[in-house]
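Student: I've got a model open and want a quick tour. Can you walk me through it?
Tutor: Sure, here it is.
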Amino acid sequence: MKNVAVIGAGTMGNGIAHSFAQNGFKVQLIDINESALKKGMETITSNLDRMLAKEKITEAQKAETLNNITTFTSLVEGVEYASLVIEAATENVELKLKIFRQLDEACPEDTILATNTSSISITHIASVTSRPEMVIGMHFMNPVPIMKLVEIIRGYNTSDEITKLIMDMSSALGKIPVEVNDYPGFVANRILMPMINESIETLYNHVAGVQEIDTVMKLGMAHPMGPLQLADFIGLDVCLSILNVMYEGFKNPKYAPSPLLVNMVRAGKLGIKSGEGFYDYSESKKAEKVSKQFL
């Protein structure tokens, strides 16, 4: 279990690759977009430099981590020798189903298939493979190299053996794995997203402004970050996608996305990634300042 492939070089994908590589795993980072791979590796290097400056790692550890990562634009080539594949693509059901069909065909029979989905049914994803007992959820938290929690989600057919292997592997990364069952939103987002959505509704109903809402939650509830700033950090499009999954899964109006959230996503105001959300990140220094709070 020392050979891991990661699908997707975006925020979560490069963070997962970083964590495994830093802990001695050989990592194949896969993305069909060459520029995404380049940006992902630049992010990993930048985060390692930050850790180096804080004396959390040495130059030798930085070099070893980077040497442990190989990039691929071909899924078939990237997963050829993988013991574990972790999919970290966009939170889109059809895209994930397509990827898992491809993985099932391309991977060796004993390869474990994991998804970093934050809300989509593991059982549904597993159903398009010939190995549903070997499909599992590994929901890492952002930023992956820093955050300790990993939600380990069992699908309906996930075996006890695979669950134990993945729990043990997560512990080997220095993470704290928590086993949960396969229901929309799992635990983290089933609780977090309604809070974020209600915060957006509070803003939408003119109860208070952005800064005021976040200040109340930070100072009154001891949250390290206000819910609106956190939504910007997660990505408003991701928040909307997760809420839609839970709304469809539970058919409960309490999970219905706020009209303000829907309109902001339609307008392209997605948070840090687009340069504007509930806060303005258009100046590079502002975005950098927010990022440095976490790394």
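Student: Start with strand 5. Which residues point one way and which the other?
Tutor: This is a predicted model. Ile112 and Ala114 point one way from strand 5. Leu113 and Thr115 point the other way. They are all buried.
Student: Why that back-and-forth pattern?
Tutor: In a regular strand, side chains alternate between the two faces of the sheet.
Student: How does strand 5 pair with strand 4, parallel or antiparallel?
Tutor: Parallel, over four bridges. Leucine 84 stands opposite isoleucine 112 of strand 5.
Student: And the whole sheet? What's the strand order?
Tutor: The order is 3-2-1-4-5-6-7-8. It is an open sheet of eight strands with mixed pairing.
Student: Which are the edge strands?
Tutor: Strand 3 (69–72) and strand 8 (176–181). Each pairs on one side only. As for twist, neighbouring strands in this sheet are turned by 25° against each other on average, ignoring direction.
Student: Back to strand 3. How many bridges join it to strand 2?
Tutor: Four, and the two strands run parallel. Strand 2 covers residues 26–30. One partnership to look at is isoleucine 30, whose bridge partner in strand 3 is phenylalanine 72.
Student: What about helices on the sheet? Which strands does helix 1 lie across?
Tutor: Helix 1 (residues 11–22) lies across strand 1 (3–7), strand 2, strand 3, strand 4 (84–87) and strand 6 (135–140). It runs at about 170° to strand 2. Helix 5 (residues 93–106) packs on the sheet too. Helix 5 touches strand 1, strand 4, strand 5 (112–115) and strand 6. Its direction makes about 165° with that of strand 5.
Student: Pick a residue in helix 1 for me.
Tutor: Try isoleucine 16, which lies in that helix.
Student: Is isoleucine 16 buried or exposed, and why?
Tutor: Buried, because its relative accessibility is 0% and the cut-off for buried is under 20%.
Student: What does isoleucine 16 touch?
Tutor: Leaving out residues up to four places away in sequence, it touches Val6, Ile86, Ala88, Asn116, Phe140 and Val144. Also, isoleucine 16 and glutamate 87 are 71 residues apart in sequence. Their C-alpha atoms are 10.0 Å apart in space.
Student: Switching topic. Where is serine 170?
Tutor: In helix 7, residues 160–172. Serine 170 counts as buried because its relative accessibility is 0%.
Student: What is its side chain's polar atom next to?
Tutor: A polar atom of the serine 170 side chain lies 2.8 Å from the backbone oxygen of isoleucine 166. Beyond four places in sequence, serine 170 touches Met138, Val150, Ile152, Lys175 and Pro177.
Student: Which domains does UniProt list?
Tutor: The unreviewed entry lists "3-hydroxyacyl-CoA dehydrogenase NAD binding" at residues 3–182. That span is 43% helix and 22% strand, and its end C-alpha atoms lie 26 Å apart. The entry also lists "3-hydroxyacyl-CoA dehydrogenase C-terminal" at residues 185–281.
Student: How much helix and strand does 185–281 have?
Tutor: 62% helix and 0% strand. The end C-alpha atoms of that span lie 28 Å apart.
Student: Last one, cysteines. How many disulfides?
Tutor: Zero, taking a disulfide as a pair of cysteine sulfur atoms within 2.5 Å.
Student: Are cysteine 107 and cysteine 239 buried or exposed?
Tutor: Cysteine 107 counts as buried because its relative accessibility is 7%. Cysteine 239 counts as buried at 1%.

Key: Residues are numbered from 1 along each chain as its sequence is written. This is a predicted model: local features need pLDDT of at least 70, side-chain atom pairs count only at pLDDT 80 or more; totals for chains, interfaces and linings use all residues. Side-chain values use heavy atoms; hydrogens and water are left out. Buried means under 20% relative accessible area, exposed over 50%, partly exposed in between (1.4 Å probe, protein chains only). UniProt positions are given in the numbering used here, feature names are shortened, and annotations may be inferred rather than shown by experiment. A polar contact is a pair of N or O atoms within 3.5 Å; within protein, one must be able to donate a hydrogen and the other to accept it, and residues adjacent in sequence count only if both atoms are side-chain atoms. Contact means heavy atoms within 4.5 Å. Two strands pair if DSSP finds at least two bridges between them. Axes are lines fitted to C-alpha atoms, for helices over the stretch in contact, and angles run from 0 to 180 degrees between N-to-C directions.
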